[in-house]
Amino acid sequence: VYNFAAGPATLPNEVITQIQDELPSLQGSGMSILEISHRSSMFDDIINAVQADLRDLMKIPDDYEVLFFQGGGTGQFAAVPMNLATDHHRIALLDSGHWAAKAGEEAKQLGYKVDTLATTKATHYDRLPALTMTMPDDTYDYLHICTNNTIEGTAYHELPKTNHVPLVADMSSNIMAQKYDVADFDLIFAGVQKNLGPAGVTIVIVKKSLIKEVDGIPSVFNYQLFAKKNSMPNTPPVFNIYATGLTLKWLKKVGGIDEMQARNQKKASLLYDFLDQSTLFNNPVKHQDRSLTNIPFMTGDAKLDLAVVDDLAAHGLMNLKGHRSVGGLRASLYNAMPFEGVQALVNELYRFEKEM
Ligand code: PLP
């Protein structure tokens with residue numbers, strides 16, 4: 001079976017097997033990772049290794065903190081403005097789809113002003129919005145973008161120019177699947193449940209100079225407190241951090257982000273090439289903005305799309321139904337999806353089309 005779910009998503013087989021092997025007794029301790037204290041030296045070693053491996057893999061400069069939160073990407077839609085929008089209480093947003101818009105809505109309902117500088121909603125987010133204005137540097141606390149639009153299937157391959165305004169990126173669906181330079185951002189956040197681990201931990205990589213004392217915000221979202229307490233002012237998601245750590249070790253072993261990006265390009269090209277020559281299926285996204293990790297496609301006939309989803313599931317190709325806002329099908333090709341899975345998908349789509 002190949003699992004094409006958008007998230008939580010497929011993890012490397014090696015990681016699942018290692019979790020199974022180590023679950024009853026971690027490192028010969030006679031205790032499970034499910035029951036060890038987060039105040040133990042064993043867990044200190046685990047969380048510190050996860051941080052160090054993240055730094056190593058993403059080449060995170062020393063002037064950035066690496067923090068772990070609960071609450072998912074959605075939690076950070078609230079946490080980022082609470083910690084960063086302290087001067088102007090005003091945020092700029094590029095509306096590239098569902099998740100970028102959600103981030104704006106969350107900030108708005110917390111009382112921050114949100115200016116959508118560009119949107120591609122009118123064309124159903126089939127491309128990225130272009131930032132044509134020069135950002136004024138005394139108006140906004142930051143510009144929010146979503147580097148990969150999980151639902152619509154677009155991704156930033158080039159970043160907008162922010163003219164000294166801090167750049168905040170929701171990297172939930174392409175963290176470590178595509179290479180970015182951390183120094184180009186002021187804050188990156190990502191839930192791990194697509195490319196890095198089981199749902200339950202959210203990574204925040206933030207420039208130290210942006211972390212400040214902020215009164216009146218929940219402790220569980222307080223960047224300064226989390227930086228001071230090594231992300232453990234309260235009980236962290238111990239298992240999820242451990243499992244993420246195993247995936248990071250796997251990533252290092254197979255060649256890191258360069259290798260992942262090369263593999264992901266190869267996987268995505270295989271599917272896009274098929275779709276572009278298909279007379280039945282279509283991917284609506286502008287070529288230069290296409291995502292490597294999430295590929296929506298459709299026949300134009302909703303009933304037929306569902307028949308294709310069922311046919312694929314009958315052949316062990318699972319969770320290919322598109323998001324309800326877009327319809328059709330969607331293949332999520334995250335880091336742990338092998339090339340063979342995409343090959344099997346393309347073969348089956350080809351067969352379906354031929355038999356029509
Ligand atoms: N941002 C992006 C790009 C996503 O794809 C998702 C979920 O799929 C979210 C945010 C929301 O994340 P969470 O479910 O962890 O709150």
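**Entry 1. Terms and model**

I count a residue as buried if 20 or more other C-beta atoms lie within 10 Å of its own, as exposed if 12 or fewer do, and as partly exposed in between, with C-beta atoms placed from the backbone. I am working on a predicted model, in which local features need pLDDT of at least 70 and side-chain atom pairs count only at pLDDT 80 or more, while totals for chains, interfaces and linings use all residues. I number residues from 1 along each chain as its sequence is written.

**Entry 2. Positive phi and a cis bond**

I looked up His-164 and found a positive phi of about 75°, although His-164 is not a glycine. His-164 sits in the loop between β7 and β8 (167-170); helices (H or I, at least four residues) and strands (E, at least two) are DSSP runs, numbered from the N terminus. His-164 counts as exposed because 9 other C-beta atoms lie within 10 Å.

I then turned to Lys-59, another residue other than glycine with a positive phi, here near 50°. Lys-59 belongs to the loop between α2 and β2, and it is exposed, with 12 other C-beta atoms within 10 Å.

I also noted a cis peptide bond from Gly-7 to Pro-8, with omega near -5°. Pro-8 is in the loop between β1 (2-3) and α1.

**Entry 3. Surroundings of the ligand**

I listed the residues around the ligand: Gly-7, Gly-72, Gly-73, Thr-74, Trp-99, Cys-146, Thr-150, Asp-170, Ser-172, Ser-173 and Gly-191. A residue enters this list if its C-beta atom, placed from the backbone, lies within 6 Å of the molecule. Which helix gives the most to this shell? Helix α3 (residues 72-84) does, with three residues. By class I find two nonpolar, eight polar and one charged residues in the shell. Here Ala, Val, Leu, Ile, Met, Phe, Trp, Tyr, Cys and Pro count as nonpolar, Asp, Glu, Lys and Arg as charged, and the others, Gly among them, as polar.

**Entry 4. Annotated residues**

I checked the UniProt record, an unreviewed entry, which places "modified residue: N6-(pyridoxal phosphate)lysine" at Lys-194. UniProt positions follow the numbering used here, feature names are shortened, and annotations may be inferred rather than shown by experiment. Lys-194 lies in the loop between β9 (187-191) and β10 (202-207). Is Lys-194 buried or exposed? Lys-194 is buried, because 30 other C-beta atoms lie within 10 Å. Leaving out residues up to four places away in sequence, Lys-194 touches Gly-7, Ala-9, Ser-172, Ser-173 and Tyr-334; contact requires C-beta atoms, placed from the backbone, within 7 Å. Gly-7, Ser-172 and Ser-173 also appear among the residues surrounding the ligand.

The "binding site" annotation of the unreviewed UniProt entry covers Arg-39. I located Arg-39 in the loop between α1 (13-22) and α2 (41-58). Arg-39 is exposed, with 9 other C-beta atoms within 10 Å.

**Entry 5. Domains**

I took the domain assignment of the protein chain, which gives domain 1 (13-254) and domain 2 (255-355); such bounds come from an automatic or database domain assignment. Their C-alpha centres lie 26 Å apart. In the contact between them, 25 residues of domain 1 meet 24 residues of domain 2. On the domain 1 side, α2, β6 (148-149), β7 (154-155) and α6 (238-254) each supply at least two residues. The largest share of that side, three residues, comes from α6. I divide the residues of the domain 1 side into nine nonpolar, 10 polar and six charged.

**Entry 6. Helix α6**

I followed α6 further: it has 17 residues and reaches 25 Å from its first C-alpha to its last, close to the 24 Å expected at 1.5 Å a residue. The expected span is 1.5 Å times one less than the number of residues. Buried residues of α6 include Val-238, Ile-241, Tyr-242, Leu-246 and Leu-251. The buried residues of α6 pack against α1, α2, β2 (64-69) and α7 (256-277). Just after α6, I found Gly-255 with a positive phi of about 125°.

**Entry 7. Val-204**

I closed with Val-204 in strand β10. Val-204 counts as buried, with 24 C-beta neighbours inside 10 Å. Apart from neighbours within four places in sequence, Val-204 is in contact with Leu-67, Phe-69, Gln-76, Leu-187 and Phe-189.

Technical notes: Two residues are in contact if their C-beta atoms, placed from the backbone, lie within 7 Å.
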